[in-house]
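Please walk through the strands and helices of this model with the structure open beside the text, and then turn to the nonpolar residues packed inside.

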Amino acid sequence: AQQFGMTEALAQLGIKAVNEGTSTGQNNFASGDILESYSPVDGQLIGKVKMSTAADYEKAMQAATEAFKTFRLMPAPQRGEIVRQFGEKLRKRKEALGKLVSYEMGKSLQEGYGEVQEMIDICDFAVGLSRQLHGLTMHSERPGHRMYEQYHPLGIVGIISAFNFPVAVWSWNTALAWIAGDVCIWKPSEKTPLCGIACQNIIAEVLKENNLPEGISCLVNGDYKIGELMTADTRVPLVSATGSTRMGKIVAQAVAARLGKSLLELGGNNAIIVTPDADIKMTVIGAVFGAVGTAGQRCTSTRRLIIHESIYDKVKDAIVGAYGQLRIGNPLDQNNHVGPLIDTHAVDLYKKALEQVVAEGGKILVEGEVLSGAGYESGCYVKPAIAEASNDFKIVQHETFAPVLYLLKYSGDVENAIELQNGVAQGLSSAIMTNNLREAEKFLSVAGSDCGIANVNIGTSGAEIGGAFGGEKETGGGRESGSDAWKIYMRRQTNTINYTTNLPLAQGIKFDL
Ligand code: NAD
């Protein structure tokens, strides 16, 4: 990785090299065991991180609680100014942070840069929003009364994030939470702790330059045990958790048991419907990027292609042909299309999925393989695979976080394809490739896709920050990022003011003394 300038990138991000001891975030709530971060790119140890203990968590909580007391009083547009400065710093560190994302997580360098760009975009969005946290005004039924609603900050927002978007998901939450007046405690994935430290170092600089308390942004590194402290903690009114459906079910129950709010962004099982009127060239690019981008480790990765029987063979041949062009290797090398999986455990799940699809009666069209030899020393590189399958196979119903694409055939009307597309437990992203207006509108209608994201002539992966992001059913129902997603980070208050000398009651109720 040296040839790609990783040493300089780590230095720019304030991350200590392996032989210089542990890297900790600047607010340093970390005195526990060492967590080592190995790169799936080359299997090398990138850095060491101290994990947070329960006592560290408590300290972070106290810092956050104190910080909230003053941060909430700062006018929202001034908080927006802090987020603007954060966005500026991200612009300067885009290259370094993008490289670290690519090296620690394994996604292509372009996607690493893209992730940092997403952080910059959400900062810009949040800056504008800081002057627009609107409530409504209503007409009171009582004379001489005024009624309106306003939004106040919630308090401490707990953020639990997944390995596959190690920096962007945090910023989607924090940029909005901060302009809303909240303070944040972040537990990044234990698979990407250095990305967490790099982000923390950048925001810590901004806070310091503005004489603001560091408790506005707290980092606690560690595994699910730290996450559990957060989900059980009544001082955390909102827990935003991104990750597997398995994790989401545990988190949702823990937070609900104390009647807290949770924002869940969980697994997907995303499909593209390819109708007889589809543009095949666009379909191939959208489907292949969707299935192999980030080595199939996006929540919005394309897992299923639902193709009309009349064009099935044509589409199948085109996609299989495209897979033959894929270059698999070091994701920092921009000539490669596909990088590694996150770890060897993910490789095992990939292998099991391919075995299972065959056991259930599927037919492999593009063989999978775990790559070995020069450049593949980490043991995490796999060949993207394609199998012909049926929607009711257990393995097709399940999200395998790897580049395995299932081809499914439909006949008759587009309704049949929509039924297959909706016939899974998850409801994140969906797409239709068609130039037929009736099919497209049906897909978007009330009887169409049941997902949080439904695209026409675009694949399933790669969302813009301007829209609300999230999905239904086992994807958890949460919405983050654009549109009015900010509302979950605030508490709504309805205010009624009486400016008369009488006290009329609502609904005309009489009560005289
Ligand atoms: P994961 O569920 O293994 O871990 C996610 C996070 O949850 C980690 O930080 C982990 O430490 C924490 N965690 C695990 N158990 C916990 C518990 N009991 N209490 C509190 N915290 C706990 O997921 P992963 O492997 O890191 O990420 C992949 C998954 O994330 C996929 O299913 C993917 O679809 C999903 N994902 C969804 C979105 C979305 O926006 N919908 C975005 C990215 C990833």
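In this predicted model, five strands make up an open sheet whose order is β7-β6-β5-β8-β9, and their pairing is parallel. The edges of the sheet are taken by β7, residues 217-219, and β9, residues 261-265; each has a single partner strand, so one side of each is left without a neighbour in the sheet. From one strand to the next the twist averages 15°.

At the β7 edge, the partner is strand β6, which spans residues 183-187 and pairs with β7 in the parallel sense over three bridges. Within this pairing, W186 stands opposite L219 in β7.

Two helices can then be placed against these strands. Helix α2, formed by residues 54-71, lies across β5 (156-160), β6 and β7, and its direction is at about 155° to β6. Helix α7, formed by residues 224-231, lies across β5, β6 and β8 (238-242), running at about 150° to β6.

Which residues touch the most other members of the largest nonpolar core? That core holds 145 residues, and the ones with the most contacts to other members are A64, L100, A126, I185, A198, C218 and Y489. To follow one of them further, A126 is in contact with G80, V83, A175, L176 and I179, once its neighbours within four places in sequence are left aside. Apart from this, there is a second, separate core of six residues, among them C299, L428, I453 and F469.

Definitions and conventions:
Residues numbered from 1 in each chain as written. Predicted model: local features only at pLDDT ≥ 70, side-chain atom pairs only at ≥ 80, totals over all residues. Core = buried A, V, L, I, M, F, W, Y, C linked by C-beta atoms within 7 Å. Buried ≥ 20, exposed ≤ 12 C-beta atoms within 10 Å, placed from the backbone. Contact = placed C-beta atoms within 7 Å. Pairing = 2+ DSSP bridges. Helix = DSSP H or I, 4+ residues; strand = E, 2+ residues; numbered from the N terminus. Axes fitted to C-alpha atoms, helices over the stretch in contact; angles between N-to-C directions.
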